[in-house]
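Visitor: Could you take me on a close look at one part of this model, and then show me what else is worth tracing from there?

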Amino acid sequence: MMKTLNQEVKIVHEVPDISLLQPVLDKYTGRSREALLPLLHEVQSVIGWLPGDVQTEIGKILNVPLADVHGVIEFYTMFYNEPTARRVIRICEDPACYLANGEAVMQALEAQLGLYHGETNAEGSITYEHVPCLGMCELAPVALDGEKPAGELTAEAVEAFLNGTYPEPNAKVYGSPLLTLARLGQVNPNSLDDYLAHSGYEGLPKAIQLEPEEVIEAVEASGIVGRGGAMFPTGRKWRFTRGAAGSSKHIVVNADESEPGTFKDRCLMEEDPFAVVESATLAGYAVGAENGWIFVRGEYPRSYNRLKAAIEQARAGGYLGKDILGKRGFNFDIEIRKGAGAYICGEETALFEAIEGKRGFPRIKPPFPTTHGLFMQPTAVNNVETLIAALVAFNIGADEWKEYGTEQSPGTKLFCLSGHVAKPGIYEVPFGMSIRELVEFAGGVPGGKAIQGVMMGGAAGAFIGPDQLEMPLTYEDARANNIPLGSGVVMVFDETADLRQALYQLARFFAHESCGKCFPCQLGTQRQLEILDRIAHNGGPKPADRETLLDVGFTMTETSLCGLGQTAAATVMSAIKLWPELVE
Ligand SMILES: Cc1cc2nc3c(=O)[nH]c(=O)nc-3n(C[C@H](O)[C@H](O)[C@H](O)COP(=O)(O)O)c2cc1C
Ligand code: SF4
Ligand code: FES
């Protein structure tokens, strides 16, 4: 965005009163490097940023070299080593919000704040940022004021948003049958008693009557595969982890949901946090793991706070800790960790690095997490939806679960509907519904407009055209048609949408999120962005663009080290195939 506001913005350089930090620093004394991210978060919550001498102190307390403390702060976008206000206002700059007229909200915010992206006001009380998808796409356009989320913003609502009177949004839940989503909107997410009154903790007591192997068999029988994108059979992952050598094992709940267009895990965590706790505990029992971890993305404060409270209540109620529910020797507890703005930390090995207090660089696989995961110990890492689906399927039994869906894709699946649909929201439907039926279930395209394309699976997924809408939403059809279901994103672009702008936004996302560990992705995402930025905003396509984009895309896909680089060109290449005129 061009800067046109003629305003002098003074950055506050005074180093804050570091003595305020003493209680926080004392609390962490004696801890090790794995406490680095929580400590950085806590320090920032007191003084807003991380001055050099505070970094030195943190390094001493946790016994981490100063260069490493600095490296971690540099890596994560939500850690600041320059003067930053404690109150940060973040507005989403990604496609769903753009389609919902997010630019007008941005402009209104900027006019009222007198700030542009990355600036702090003269008093040092507000910092303003454009950020990638905030995982609230069904509520687009969205923003966060500190920890307070706001959805369906308009330019007129900006004043109320800034003065704190704009109401917080709730999840928009649809579908049939509601199995995984049964409690959303029905249960008080802050109350263990209410969870119990809504069939909570029915599955875990049943599980502990069985041998752990029998629980694994039941999950295998339900045919559940991972909902985080890789579609690995969940029961098999638990079996491998259970069978791995080593007495200290881990369940890691991947709640880093940062894929543009994805918001299902946020809805589950915010509205049904005890189900996350119960399902992770069930996994712990099955795997023989005593350590549970939930890694929640930093931009999900409401999820984090509700999960934290749920863990505490579950512990007090005897649902976590030692000899759980009176079962001798069944010990399991959960630590919750907050990410700090890095999509790559959703990649399972990068996530382990983050929990271990390091930069979120993916590890080379093999070895795989089931034998060498968190702290190089056996680990089952699962997506939030996967765990809750496994709990539900276990609870109702594989036969009932398989009454829904198809033989190869049994049960139900959550889809994140956003963009040009009348009723954006989280949808639970049996596998097998066609994309067209799902879009119609979501009210179709507003104003009776035609569909130009649909982004399936997420930013790392693929665009499809109107002639592919009949595809049934199953894993087998997705594989056969080379259309990834990914994290369940279905983002609709009507005939008026500017797809060049959408491709630019997707390219910007990947260039921003590439961790830089390997060259194909580090350079390829930049090159892809440069070309798509010029095409969208600065002169249009040049003759070699199509070939260069395909070449860069092919190289990233084939030679990148991890899934981010391997998929960073996927949506762009699918769009070029469908609509070559976009880049010619
Ligand atoms: C760049 C990247 C980002 C990812 N982000 C997430 C995420 O936010 N949530 C998630 O569950 N899986 C994510 N994954 C997939 C995980 O690596 C892993 O496959 C998943 O957590 C396993 O859980 P599941 O078997 O239940 O799907 C990501 C993968 C990549 C390559
Ligand atoms: S592919 Fe990209 S995100 Fe993955 S390791 Fe390489 S640079 Fe990092
Ligand atoms: S919240 Fe804006 S695109 Fe997802």
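Guide: Let's start with helix α12, whose buried residues are Lys264, Asp265, Arg266, Cys267, Leu268, Met269, Glu270 and Glu271. A residue is called buried if 20 or more other C-beta atoms lie within 10 Å of its own, exposed if 12 or fewer, and partly exposed in between, with C-beta atoms placed from the backbone. Because 8 of the 8 residues of α12 (264–271) are buried, the helix is largely enclosed by the rest of the structure. The element names come from DSSP runs, numbered from the N terminus: helices are H or I with at least four residues, and strands are E with at least two.

Please keep in mind that this is a predicted model, in which local features need pLDDT of at least 70 and side-chain atom pairs count only at pLDDT 80 or more, while totals for chains, interfaces and linings use all residues. Residues are numbered from 1 along each chain as its sequence is written, and chains are lettered from A and ligands numbered from 1 in the order in which they are written.

Next along the chain comes helix α13 (273–287), which lies across β7, β8 (291–296), β9 and β10 and runs at about 145 degrees to β7. Here contact means C-beta atoms, placed from the backbone, within 7 Å; angles run from 0 to 180 degrees between N-to-C directions, with axes fitted as lines to C-alpha atoms, for helices over the stretch in contact. Those strands form an open sheet of 4, in the order β9-β8-β7-β10, with parallel pairing. Its edge strands, each pairing on one side only, are β9 (333–338) and β10 (379–383). Averaged over the sheet and ignoring direction, neighbouring strands are turned by 20 degrees against each other. Two strands count as paired if DSSP finds at least two bridges between them; β7 (250–255) and β10 run parallel and share 5 bridges. One place to see this is Val253, which stands opposite Asn382 in β10.

Strand β10 also leads us to ligand 1, since it gives the most to that ligand's shell, with 3 residues. The shell has 22 residues, and the closest are Gly226, Gly228, Gly346, Asn383 and Gly563; a residue is near a molecule if its C-beta atom, placed from the backbone, lies within 6 Å of it. Both β10 and α23 supply at least two shell residues each. By class, the shell divides into 6 nonpolar, 10 polar and 6 charged residues. In this scheme Ala, Val, Leu, Ile, Met, Phe, Trp, Tyr, Cys and Pro are nonpolar, Asp, Glu, Lys and Arg are charged, and the others, Gly among them, are polar.

Helix α23 takes us on to ligand 2. Its shell holds 14 residues, the closest being Cys515, Cys518, Cys521, Cys562 and Gly565. The elements that give two or more residues to this shell are α21 (519–537) and α23 (563–567). Around ligand 2 the classes are 8 nonpolar, 5 polar and 1 charged.

Back on the helical side, α14 (301–316) has 16 residues, which at 1.5 Å a residue should span 22 Å, and its end C-alpha atoms are 23 Å apart, which agrees. The expected span is 1.5 Å times one less than the number of residues. Buried in α14 are Arg302, Ser303, Tyr304, Arg306, Leu307, Ala310, Ile311 and Ala314. Gly318, just after this helix, takes a positive phi of about 85 degrees.

For another enclosed element, try strand β13 (451–456): 6 of its 6 residues are buried, so the strand is largely enclosed by the rest of the structure. On β15 (489–494), β13 makes 5 bridges in the antiparallel sense, and Gly453 has Phe493 as its bridge partner. With β14, β13 pairs antiparallel over 3 bridges, and Val454 stands opposite Ile464. The hairpin of β13 and β14 has 5 residues between the strands, and there Gly457 takes a positive phi near 85 degrees.

We can finish in the loop between β14 (462–464) and α19 (475–481), where Pro472 lies. Pro472 is partly exposed, with 16 other C-beta atoms within 10 Å. Not counting residues up to four places away in sequence, Pro472 touches Gly432, Met433, Ser434 and Asp477.

Terms used: Contact = placed C-beta atoms within 7 Å.
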